[in-house]
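Me: I'm new to this structure and would like a close look at one part of it. Please pick a helix, walk me through it slowly, and then show me some side-chain contacts elsewhere.

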Amino acid sequence: MTEYGRGQGSEPWHPEDPLYGDGGWGRQAQAGPQSPYGGQPQHYPQAPQHGDWSQEQQPGYDGQQHQYHDGAGRPEYDQRFAHQTQQQFHQGGWDATGTHGHVPYAADPGDPYGQQPVAYGAEQPDFYPTEDAYPPPEPPGRRQPEPEPEAASEEEHAFFAGGGGADDEEEHELQSRRERRGKKPVKSRKRRTGCACMVVVLVFGGGLGGVGYFGYKFYQNRFGTAPDYAGDGTSESVTVEIPKGAGGWEIGRRLKEAGVVKSAEAFVHAQTTTPGGDGIQAGAYLLKKEMSAASAVRLMMDPRSQNNVIVTPGERNSGVYAAIDKKLEVSAGTTKKVAEKSYKSLGLPAWAQNNSDLKDPLEGFLFPGTYPAAKGMKPDAVLKQMVTQAKLKYAAYGLTEKAKALGLKNAFELVTVASLVQAEGKTHDDFRKMAEVVYNRLKPTNTETNRLLQFDSTYNYLKGTSNIHISEKEINSNPSPYNTYRHPGLPPGPIGNPGEDALKATLNPTHDGWIYFVATDGTNNTEFAKTYSEFLELKDKFNANAGN
């Protein structure tokens with residue numbers, strides 16, 4: 001007899017078979033000796049064990065596909081089928097002595113199922129549910145070589161093995177059955193469980209380590225003591241420059257980079273806990289290396305530690321040059337020579353002028369303020385800070401546009417007026433009145449002074465002095481363009497560095513008609529007049545105070 005769907009050739013399982021690719025009888029073997037008919041063994045002694053019912057139409061077969069089992073059993077159909085087969089058997093069509101009583105094909109010597117003839121009423125032995133069964137035939141495309149036996153694994157710990165005892169015996173038995181049926185061996189459950197446990201241990205171990213590290217860093221940042229030196233530092237000194245607007249963290253960072261403090265955090269803590277520590281100003285500080293943060297804060301609060309050059313409002317460039325030389329510890333006159341030689345490279349505004357009448361092209365462009373200046377720095381670096389600040393301030397006030405609105409030629413003349421206001425005035429009210437005096441005297445319609453300013457400050461600038469009493473003979477004999485007693489209009493350029501207050505007053509003068517002024521007490525009190533007769537009264541008052 002032949003297997004279901006098997007042809008006469010050497011290759012089993014014809015591709016057109018609807019069950020091609022199925023695992024075949026091997027599945028029945030795994031399920032045990034159960035029959036597909038309702039889950040119980042079914043034997044029909046009277047049923048013919050002959051012929052191919054799957055492809056050819058037999059007597060009594062109506063040519064339709066009948067489902068012998070629907071999952072619940074069909075008793076009425078089974079009885080009709082049994083009655084029909086008995087009737088055919090008694091009619092002699094399928095008797096054991098007839099022409100159909102022999103096996104139509106020769107028995108296959110290699111087929112254990114075809115070596116013993118079996119009568120049509122006898123029950124056939126079923127080898128597949130036993131452990132000695134051969135594996136079911138498989139299509140050529142699914143055949144696999146016989147698996148090689150795996151090497152014995154090392155002894156595994158019971159924790160990673162995933163169990164033992166009866167479970168291990170059951171696993172071993174199932175594995176033996178798979179190997180006998182040609183199935184691909186399945187890896188041990190112990191090995192899978194052990195690897196999974198190892199992965200879990202590594203993941204949790206790494207996670208706990210990471211959480212511990214970042215937790216420690218968070219605690220140190222929030223609650224731990226910041227790294228800090230102890231004491232007042234070493235004998236090595238260093239200059240640290242603090243820019244304007246720098247806060248505690250920026251100052252601490254610069255000190256750490258210079259080697260003064262050990263950490264910016266320590267400096268911030270010391271600054272916030274020291275009374276007045278938040279009052280540290282911009283500038284250059286002479287400090288010691290490896291100081292405690294508290295010592296650094298206290299020293300920076302001491303004016304003696306500051307290495308700065310302070311430009312005061314109205315101060316002339318000559319005084320600034322001398323202060324820079326002193327702070328940088330260079331010979332006198334060094335900064336002045338650098339200014340004369342390198343003024344073009346210091347960043348002056350495009351509208352700045354330089355003509356043969358100017359005493360100093362940088363006059364008026366060293367803006368008042370505090371600037372770092374310590375030993376080791378270059379004079380041009382210090383000057384460039386001052387010029388840059390002046391350029392920024394002048395641009396912020398829009399001097400070019402304001403100059404035209406005030407009847408001046410350019411921004412350079414506006415800075416010159418501001419320097420005169422700064423030199424002659426004393427208070428903010430004085431500055432505004434003084435600015436109006438300048439503008440009124442510059443007018444072509446001025447018949448009081450015929451456009452002469454007649455300021456002592458311009459002559460003092462020329463001479464490099466600050467005298468109040470100047471003889472008329474001396475003034476009238478000096479032909480310098482800075483002598484505003486002889487030359488109408490403005491001097492060639494600024495006579496000092498105006499501060500921001502004088503600059504604002506110059507841009508917003510009064511409009512009361514002031515054209516004269518006199519410092520009646522010689523220095524502090526300045527009074528203004530609109531006519532020449534009022535001016536003479538103020539002059540007599542001045543002489544009376546000077547005689548006392």
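What follows is a walk through one helix, then a few other spots.

Reply: Before we start, keep in mind that this is a predicted model, where local features need pLDDT of at least 70 and side-chain atom pairs count only at pLDDT 80 or more, while totals for chains, interfaces and linings use all residues. Residues are numbered from 1 along each chain as its sequence is written, and side-chain values use heavy atoms, with hydrogens and water left out.

First, the setting. The protein's secondary structure comes to 18 helices and 6 strands; these are DSSP runs numbered from the N terminus, with helices (H or I) needing at least four residues and strands (E) at least two. Of its 548 residues, 33% count as buried. Here buried means under 20% relative accessible area, exposed means over 50%, and partly exposed is in between, using a 1.4 Å probe and protein chains only. Take contacts (heavy atoms within 4.5 Å) between residues at least 6 apart in sequence: 65% of them join residues at least 24 apart.

Now for our helix, α9, which runs over residues 317-328. Its 12 residues reach 16 Å from first C-alpha to last, close to the 16 Å expected at 1.5 Å a residue. That expected span is 1.5 Å times one less than the number of residues.

Which residues of α9 are buried? They are Asn317, Val320, Tyr321, Ile324, Asp325 and Leu328. Looking down the helix axis, you'd see these buried residues fall within an arc of 140 degrees, so they line one face of α9. (The arc is that of the directions from the helix axis to the C-beta atoms.) There's a general pattern to bear in mind: an α-helix has 3.6 residues a turn, so residues three or four places apart point the same way. On the other side of α9, Ser318 and Lys326 are exposed.

And what does the buried face meet? The buried residues of α9 pack against β3 (308-311), α10 (334-342) and α11 (379-397). Just after the helix comes Glu329, with a positive phi of about 60 degrees.

One of those partners, α11, leads us to the aromatic rings. A search of the whole structure finds 12 aromatic pairs. Rings of Phe, Tyr and Trp (its six-membered ring) pair if their centres lie within 6.5 Å; planes under 30 degrees apart count as stacked, over 60 as edge-to-face, and the rest as tilted. Trp351 and Tyr394 make a tilted pair, 6.1 Å centre to centre with 45 degrees between the planes. Trp351 sits in the loop between α10 and β4 (369-372) and Tyr394 in α11, so their pairing ties together parts 43 residues apart in sequence. Trp351 is partly exposed at 23% relative accessible area, whereas Tyr394, at 3%, counts as buried. Ring pairs also link these two with Phe365, Phe367 and Phe412 into a cluster.

Rings can have charges over them too. The charged end of Lys359 sits over the ring of Tyr461, 4.8 Å from its centre. To count, NZ of Lys or CZ of Arg must be within 6 Å of the ring centre and within 35 degrees of the ring normal.

Tyr461 belongs to helix α15 (residues 456-463), where Ser457, Thr458, Tyr459, Asn460 and Tyr461 are buried. The buried residues of α15 pack against α13 (411-424) and α16. Just after α15, Gly464 takes a positive phi of about 75 degrees.

Thr458 of that helix has an interesting partner: its side chain makes a polar contact of 2.9 Å with the side chain of Thr484. A polar contact is a pair of N or O atoms within 3.5 Å; within protein, one must be able to donate a hydrogen and the other to accept it, and residues adjacent in sequence count only if both atoms are side-chain atoms. Thr484 lies in the loop between α16 (472-477) and α17 (500-507), and at 1% relative accessibility it counts as buried. A polar atom of the Thr484 side chain also lies 3.0 Å from the backbone nitrogen of Phe455. Leaving aside neighbours within four places in sequence, residues in contact with Thr484 include Leu452, Gly489 and Pro491.

Finally, try Arg304, in the loop between α8 (293-300) and β3. Is Arg304 buried or exposed? At 74% relative accessibility, Arg304 counts as exposed. Its side chain is joined to that of Asp302 by a polar contact of 2.8 Å.
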